[in-house]
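Please take a moment to look over the sequence and the model before reading on. The paragraphs after them are meant for a reader who is meeting this structure for the first time.

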Amino acid sequence: VWKRAGERPKVLAVEVAQPRPEGVRRSVRSTLPRVESYNYTTFTVYGSGYIVVEVHYEAGRDDLPELPRFGMSMTLPGSFNDLEWYGRGPHASYWDRKTGAAIGRYRGPVWDQFHRYTRPQETGNKTNVRWLALRDENGSGLLAVGLPELSASAWEFPVDEIEFDPIDDPTREIIVPASQRHGAEIRRHDLVTLNLDYRQMGVGGDTSWGALTHAEYTLTDDEYRFRFRLRPIAADDDAAGLARLTLEDPGPWR
């Protein structure tokens with residue numbers, strides 16, 4: 001039910017305000033008809049180039065299944081393929097699989113974050129991310145800062161490449177994806193998919209496979225909200241230094 005829940009939202013109201021001289025706020029209130037729920041998204045754009053994004057979700061029904069993840073996704077140019085982040089790493093980590101990933105500052109190609117599982121699936125997530133930066137070969141790019149933290153990932157392909165689309169095949173004992181049967185078939189596209197999440201459910205599998213995720217690592221609440229900042233960066237910008245600045249600091253306005 002959640003796979004296409006974000007498609008074709010019905011906008012109920014759009015409000016524009018200027019809460020402070022250096023910033024303009026645009027708020028959108030909408031419904032998600034497929035799940036009969038509500039979504040509130042606010043973009044505050046500052047003259048410095050910062051954009052603060054706030055997302056608030058409220059369930060409209062009490063019979064909805066747990067959320068696989070709650071967050072936002074965007075598509076960037078394929079040239080933004082150099083990833084740096086401060087959070088858990090260097091390998092992927094998840095809500096219930098992260099104690100082996102130390103918090104630190106890491107960097108690597110976006111393509112290297114993708115793991116070629118036998119069956120294409122969710123991959124490359126980073127937890128407890130304070131900030132991440134995607135840059136091109138000239139050093140220009142985009143900085144995302146969690147307020148306070150994010151669960152994040154970046155791929156050089158659209159999500160459709162790893163979505164599991166089961167088909168019924170009586171000649172096989174297992175269900176296989178209709179579009180991609182092996183991780184080796186995933187191909188690189190001229191784009192980068194950036195996922196900025198509040199959180200993603202745990203992976204479970206305590207029995208090495210098959211065991212469901214523990215209840216404490218699932219998203220079953222009726223309401224969620226999170227915030228993050230976006231900012232364009234140049235080659236000589238220090239991502240960590242910019243991430244430490246708060247909106248109250250004079251730095252971003254100069």
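What follows goes from a surface patch to two buried residues and then to the salt bridges.

The model shown here is a predicted one, and every statement below should be read with that in mind. A good place to begin is the surface, where Val11, Val14, Val16 and Val24 form a nonpolar patch with about 330 Å² of accessible area together. The element that gives the most to this patch is strand β1, which spans residues 10-20 and supplies three residues. Valine 14, one of the members of the patch, has its place in strand β1, and because its relative accessibility is 45%, a value between the limits of 20% and 50%, valine 14 counts as partly exposed.

From the patch we can turn to a residue in a strand, threonine 44, which lies in strand β3, made of residues 37-46. Threonine 44 is buried, since its relative accessible area is 6%, and buried means under 20%. Leaving aside residues up to four places away in sequence, threonine 44 touches Val24, Arg25, Tyr50, Ile51, Val52 and Glu54, and one of these, Val24, also belongs to the nonpolar patch on the surface. The C-alpha atoms of threonine 44 and alanine 17 are separated by 9.2 Å, although the two residues are 27 residues apart along the chain.

A second buried residue is found in a loop rather than in a strand: serine 93 has its place between β6 (82-89) and β7 (102-109), and its relative accessible area is 0%. Which residues does serine 93 touch, not counting those up to four places away in sequence? They are Arg88, Lys98, Ala101, Asn125, Lys126 and Thr127. With the last of these, threonine 127, there is also a polar contact, in which the two side chains are joined at 2.7 Å.

The charged side chains add a further layer to the picture, for the count of salt bridges comes to 16. In one of them, the side chains of arginine 61 and glutamate 36 meet at 3.8 Å, taken from N to O. Arginine 61 lies in the loop between β4 (51-58) and β5 (69-77), while glutamate 36 lies in the loop between β2 (23-32) and β3, so this pair ties together parts that are 25 residues apart in sequence. Both partners count as partly exposed, arginine 61 with a relative accessible area of 25% and glutamate 36 at 48% relative accessibility.

Another salt bridge joins the side chains of arginine 107 and aspartate 82, at 2.5 Å from N to O. Here arginine 107 belongs to strand β7 and aspartate 82 to strand β6, so the pair ties together parts that are 25 residues apart in sequence. Are the partners buried or exposed? Arginine 107 is exposed, with a relative accessible area of 58%, whereas aspartate 82, at 18% relative accessibility, counts as buried.

A third salt bridge is the one that arginine 225 forms with glutamate 223, where the closest N and O atoms are 3.2 Å apart. Arginine 225 counts as exposed at 52% relative accessibility, and glutamate 223 is partly exposed, with a relative accessible area of 39%. Finally, salt bridges that share partners join Arg4, Glu7 and Arg34 into one network.

Terms used:
Residues numbered from 1 in each chain as written. Predicted model: local features only at pLDDT ≥ 70, side-chain atom pairs only at ≥ 80, totals over all residues. Heavy atoms only, no water. Patch = residues over 30% accessible without salt bridge, like charges linked within 9 Å, V, L, I, M, F, W, Y side chains within 5 Å. Areas by Shrake-Rupley, 256 points an atom, 1.4 Å probe, with all protein chains shown as cover. Salt bridge = Lys/Arg side-chain N within 4 Å of Asp/Glu carboxyl O. Helix = DSSP H or I, 4+ residues; strand = E, 2+ residues; numbered from the N terminus. Buried < 20%, exposed > 50% of the residue type's maximum accessible area, 1.4 Å probe, protein only. Polar contact = N/O pair within 3.5 Å; in protein donor to acceptor, adjacent residues only side chain to side chain. Contact = heavy atoms within 4.5 Å.
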